[in-house]
Amino acid sequence: MDIYLLEAIINGILLGGVLALLALGLNLIFGVVDVVWICYADIVMCGMYAIYFLYAQYGVPLPLACAIAISGLAGLGVLVHVLIIAPVLRSPPLNQLLATGGLLFFLQSFATLLFGTDFRNIGVRLPVLEVATMYLSFARLIAFAISLVGAVALYFFLKRTYLGTAIRAIAQDREIVGLMGIDDRRIYLAVSAIGGALAGLAACLLALQYDVHPFIGNTFGPVIFMICVLGGLGNMIGGFIASFVISQIIAIGGYYGSTELSYVFAFTFFIVLMLIRPRGLFAP
Amino acid sequence: MLAVEGLSKRFGGFLAVNQVSFEVRAGEILGLIGPNGSGKSTTFNLIAGNLRPSSGSIRLEGAEIGGLPAHMICHRGIGRTFQIPRPFRKLSLVENVTLSAYYGEAGRFSRAEAEHRAREVLELVGLPCDPQATTLGLGASALKKLELARALATKPKLLLADESLGGLDRAEMERAADLLGDIRKRLGITIIWVEHIMGVLMRVVDRVIVLDHGEKIFEGEPAHAAIDARVTEVYLGKSHGERAQPV
């Protein structure tokens, strides 16, 4: 096989890891709270700025900066739920979409106002590995590995803890969990915090690879949303697999065409698939 | 132990429950019967906190619980089952019950305590405690037992059992009725049992309340209900054209 194609495929897999992490967060929130956070990628943007300022401007050690960003975004997740989601929880879905969509524009404009439109890089130069004449970015390898660890940790949290079991229960039948003594509002807060923390983890991994600017959310927000719909909204495993399907299309499309064209391929694939399987790849 | 006074629930222009008052005495099994749409399930939803009352009061051991969220009412000691079983299909059988045991009371439990209690109630209702068992292969009778196990795992003082016997054959009904009697004896809990058929229920309950069109039309001993003019009218129709369920 063409070595460059192989390199593209491997890079696709590596890209899929971070996308999967974000898809898990978005699906978790949708599955439990039943609201789509259209602004999810822009929350990631906030985390990237946090890491940039903490590490590159104020000299906080990178692991600590990442820890602060993750816990900060967990807190932001709770705030988003309390201030924006909770008041519209029983509103029509369109109103909920407008509320989180409004937050998207708010975050982008607020970042532009505060930080300008400069592209900023945290300036960590990780080596590029040469494996059998293929060039693999170390940053991507780390991002992939940590994403997988995050996904596995989330899996065990949901499977093995009572809070996780309650989260799975409420995703199936939100009306009756109160009869088990479960306070649904607390579960919503917990899920929003976990969703925020996953966005924070993704922010750490993306800050290693990409410059941060106020509109970075636009470059991967639509892709994550597309992945979640493709895998079936709320279906965590479906979203996980769809992440790798889409990242392969983007990687291989980029190899045969260009990066811009690869997104055209991905969205074309998505649109066609929605015509054939409107409820997602893994709908029964 | 439970005092319901002037309880009403309005859905738009429809009065589902109209000024219903009754008391439940500690340790009894109270039957709540009435035809479809008579407001039995709505009354349960109001007591359990799934719905907020439009007016009236619900007091559990003297404390007002009307309008509290469901999880707080559960913590106060009221458990309920659903007419149509609603298990969490993606959770295992044991997980379904341990979840109730863990969250059902206000205090915190260790995993071991919750699992121990789940095993206890599973044994009590006669379901397997195998951690691998799922809810998928369960028949109507087993699903109703699971509903009961989930409610009992929350350690209720008062159990609201919603049409526990619908969809069962005669022998299963008898066994389920005996199980409720057994549960009262062994756990010392009070039970309100909703049914739309009078049949087996009449053998087990101490007292019965009959609802029709959201209003209470009878309260008293089961033997008297069967000969009460309004009750027979509701169940048999004025013309006696329809046959009631045999008592």
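Select chain B and colour by burial: of its 247 residues, 45% count as buried. This is a predicted model, and every value in the tour is computed from it.

**Chain B as a whole**

Keep chain B selected and show the cartoon. It has nine helices and 10 strands. The radius of gyration of chain B is 18 Å, close to the 18 Å from the globule rule for 247 residues, so chain B is as compact as a globular protein of that length. Align the view to the principal axes, along which the C-alpha trace of chain B spans about 55 × 40 × 35 Å. If you draw the contacts in chain B between residues at least 6 apart in sequence, 66% of them join residues at least 24 apart.

**The hairpin at the start of chain B**

Select residues 2–11 of chain B, strand β1, and residues 14–24, strand β2; these strands run antiparallel and are joined by seven bridges. Show Leu7(B) as sticks and look across to β2(B), where Val20(B) stands opposite. Then move to the turn. β1(B) and β2(B) form a hairpin with two residues between them, and Gly12(B) in that turn has a positive phi of about 60°.

**The six-stranded sheet**

Next, pick out the open sheet of chain B. Six strands make it up, in the order β6-β7-β8-β3-β9-β10, with mixed pairing. At the edges are β6 (78–80) and β10 (215–220) of chain B, each of which pairs on one side only. Looking across the strands, the twist from one to the next averages 20°.

Go to the β10 edge and select residues 207–212 of chain B, which are strand β9. β9(B) pairs with β10(B) in the antiparallel sense, over five bridges. Which residue of β10(B) stands opposite Leu211(B)? It is Lys216(B).

Now add helix α1 of chain B, residues 40–48. This helix lies across β3 (29–33), β6, β7 (158–162), β8 (190–195) and β9 of chain B. Its direction is at about 150° to β7(B).

**A covered helix**

Select residues 93–103 of chain B, helix α3. How many of its 11 residues are buried? The count is 11 of 11. Among them are Leu93(B), Val97(B) and Tyr103(B), together with Glu95(B) and Asn96(B). To see the cover, add α4 (111–125) and α5 (140–153) of chain B, then α6 (162–172) of chain A; the cover of the buried residues of α3(B) includes these helices.

**Between the chains**

With α6(A) on screen, display both chains and select the contact between them. Chain A gives 14 residues and chain B gives 22 residues. Colour the chain A side by class: seven residues are nonpolar, four polar and three charged.

**Chain A as a whole**

Hide chain B and show the cartoon of chain A, which has 10 helices and two strands. Followed from the N terminus, the elements run α-α-α-α-β-β-α-α-α-α-α-α. The radius of gyration of chain A is 19 Å, close to the 19 Å that the globule rule gives for 284 residues, so chain A is as compact as a globular protein of that length. Its C-alpha trace spans about 60 × 50 × 35 Å along the principal axes. Of the 284 residues in chain A, 46% are buried. Among contacts in chain A with a separation of 6 or more, residues 24 or more positions apart account for 77%.

**A helix pair in chain A**

Select α2 (residues 40–57) and α3 (residues 62–85) of chain A. Their axes come within 9 Å and cross at roughly 145°, and the crossing is right-handed. Show side chains at the contact, including Ile43(A), Gly47(A), Ala50(A) and Leu54(A) of α2(A), and Leu62(A), Ala65(A), Gly72(A) and Leu73(A) of α3(A). The contact residues divide into 13 nonpolar, two polar and no charged.

**Last stop: Leu129(A)**

From Leu73(A), move to Leu129(A), which is 56 residues apart from it in sequence and 32 Å apart in space, C-alpha to C-alpha. Leu129(A) is in strand β1 (residues 128–131) of chain A. Is Leu129(A) buried or exposed? Leu129(A) counts as exposed because it has 12 C-beta neighbours inside 10 Å. Leaving aside residues up to four places away in sequence, Leu129(A) touches Leu136(A) and Phe138(A).

Definitions and conventions: Residues numbered from 1 in each chain as written. Chains lettered and ligands numbered in written order. Predicted model: local features only at pLDDT ≥ 70, side-chain atom pairs only at ≥ 80, totals over all residues. Axes fitted to C-alpha atoms, helices over the stretch in contact; angles between N-to-C directions. Helix = DSSP H or I, 4+ residues; strand = E, 2+ residues; numbered from the N terminus. Left-handed = near helix turned anticlockwise from the far one by under 90°. Contact = placed C-beta atoms within 7 Å. Nonpolar A, V, L, I, M, F, W, Y, C, P; charged D, E, K, R; others polar. Buried ≥ 20, exposed ≤ 12 C-beta atoms within 10 Å, placed from the backbone. Pairing = 2+ DSSP bridges. Rg over C-alpha atoms; globule rule 2.2 N^0.38 Å.
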